[in-house]
Every structure is written in structure tokens, then in C-alpha cells.
Amino acid sequence: SADYRKNGDQRLAFVKQMVLIVSGLHLILLYLYLFQFFQDNFVYDTLLARLLGMNAITETDCDRPWALVLRSGVKWSEYVSPILILILYWFSARAVVYEMEKLRQGHGHEAIDSPSPDLARDNTYRASVRSDRQLMARK
């Protein structure tokens with residue numbers, strides 16, 4: 001059952017990392033889609049833009065960079081989608097960081113099942129220091 005738990009944890013860690021990568025790439029694509037070049041070349045109602053989830057919330061005009069023009073007729077879900085993707089990215093990043101910290105501190109299954117060489121080296125060093133102190137105390 002320990003092998004099953006290890007394999008399950010590895011699969012879950014892989015899925016978490018993939019979710020992190022996909023949501024991060026999606027956020028980058030959404031950011032790039034704010035530029036006029038991408039909005040002109042990938043119109044928001046084309047199949048490719050819809051498959052990639054590109055929401056044209058704003059209209060970009062390089063002649064008036066100070067103007068924030070919201071596109072009319074946008075559904076509420078298109079406003080919420082980038083926020084939810086950002087939340088998904090944040091939570092998946094926190095989950096990956098938590099797993100890494102847990103493994104680093106030795107609370108992961110890998111660290112429990114097989115002690116790290118650093119831990120063995122540290123225990124050997126402590127034992128030698130302890131024996132040196134005992135010898136010095138006898139003299």
C-alpha cells in the first residue's frame with residue numbers, strides 16, 4: 001500500500017504542476033491578447049480565439065493609449081473568467097510550493113520511507129561530536 005500511496009502522490013503532484021503550467025500559459029495569452037496586434041490578428045469571435053479562451057473585454061487603440069474602452073455586449077462570464085484563472089494559478093502555485101516545502105522538511109512519504117543521505121551524514125556527525133565531548137570530559 002505504500003507503493004500505491006507513493007505512485008498516487010507522484011501522479012497528483014504531476015497533475016498539480018500541469019494545472020500550474022496550463023493556467024500560467026493561459027494568463028500569459030490573456031495578457032498578450034490585450035495588445036492591439038493580437039486583437040487585430042485573432043478576432044475574438046474566431047474559432048481559434050474561442051478555443052484558447054481569449055476574451056476581448058477591452059478594445060485597444062494605439063492612437064489613444066490612455067482610453068479604456070470596454071467592448072459592448074460582453075457576457076458577465078467573460079469578465080469573471082480571467083479572475084478565476086488567476087485564482088486557479090495562485091492556488092495551484094501555493095499547492096506546489098506547499099508540496100516542495102513538505103518534502104524539504106522531511107514530511108513527505110519519500111522522506112519517511114527512505115532517509116536522505118544528508119540526514120544520515122548529520123546523525124554521524126552528531127555522534128562523532130558527542131563521542132569527542134565524552135572523551136574530552138574524561139580527560
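**Close-ups of a predicted model**

**View 1. Tyr-33 and the residues around it.** Leaving out neighbours within four places in sequence, Tyr-33 is in contact with Phe-38, Gln-39, Phe-42, Val-43, Tyr-44, Ala-49, Met-54, Asn-55 and Ala-56. Keep in mind that this is a predicted model. The residue sits in the loop between α1 and α2 (36-41). Is Tyr-33 buried or exposed? Tyr-33 counts as buried because its relative accessibility is 4%, and the cut-off for buried is under 20%. One partner to look for is Met-54: 21 residues separate Tyr-33 and Met-54 in sequence, while their C-alpha atoms are 6.9 Å apart in space.

**View 2. The largest nonpolar core.** Zoom out a little from Tyr-33 and you get the core that Tyr-33 belongs to. Which residues make up this largest nonpolar core? There are 6 in all: Leu-30, Tyr-33, Ala-49, Met-54, Ala-56 and Ile-85. Among these core members, Ala-49, Met-54 and Ala-56 also turn up in the list of residues that Tyr-33 touches.

**View 3. Ser-92 on helix α4.** Here we move to Ser-92, which lies in helix α4 (residues 76-105). With a relative accessibility of 8%, Ser-92 counts as buried. What does its side chain find close by? A polar atom of the Ser-92 side chain lies 3.0 Å from the backbone oxygen of Tyr-89. Setting aside residues up to four places away in sequence, Ser-92 touches Lys-16, Val-19, Leu-20 and Ser-23.

**View 4. A nonpolar patch on the surface.** This one shows Phe-14, Val-15, Met-18, Val-19, Ile-21, Leu-25, Ile-28 and Leu-88, which together have about 700 Å² of accessible area. Helix α1 (residues 2-32) is the top contributor, giving 7 residues to the patch. Ile-28 is a patch member and has its place in helix α1. Ile-28 counts as partly exposed, because its relative accessibility is 49% and exposed would need over 50%. Val-19 belongs to the patch as well, and Val-19 is also one of the residues touched by Ser-92.

**View 5. The whole chain, for orientation.** Pull back and the protein has 6 helices and 2 strands, running α-α-α-β-β-α-α-α from the N terminus on. Of the 139 residues, 14% are buried. The accessible surface comes to about 11,200 Å², and carbon and sulfur atoms account for 63% of that surface. Among contacts with a separation of 6 or more, 54% are between residues 24 or more positions apart.

Conventions. Residues numbered from 1 in each chain as written. Predicted model: local features only at pLDDT ≥ 70, side-chain atom pairs only at ≥ 80, totals over all residues. Heavy atoms only, no water. Helix = DSSP H or I, 4+ residues; strand = E, 2+ residues; numbered from the N terminus. Buried < 20%, exposed > 50% of the residue type's maximum accessible area, 1.4 Å probe, protein only. Contact = heavy atoms within 4.5 Å. Areas by Shrake-Rupley, 256 points an atom, 1.4 Å probe, with all protein chains shown as cover. Core = buried A, V, L, I, M, F, W, Y, C linked by side-chain atoms within 4.5 Å. Patch = residues over 30% accessible without salt bridge, like charges linked within 9 Å, V, L, I, M, F, W, Y side chains within 5 Å. Salt bridge = Lys/Arg side-chain N within 4 Å of Asp/Glu carboxyl O. Polar contact = N/O pair within 3.5 Å; in protein donor to acceptor, adjacent residues only side chain to side chain.
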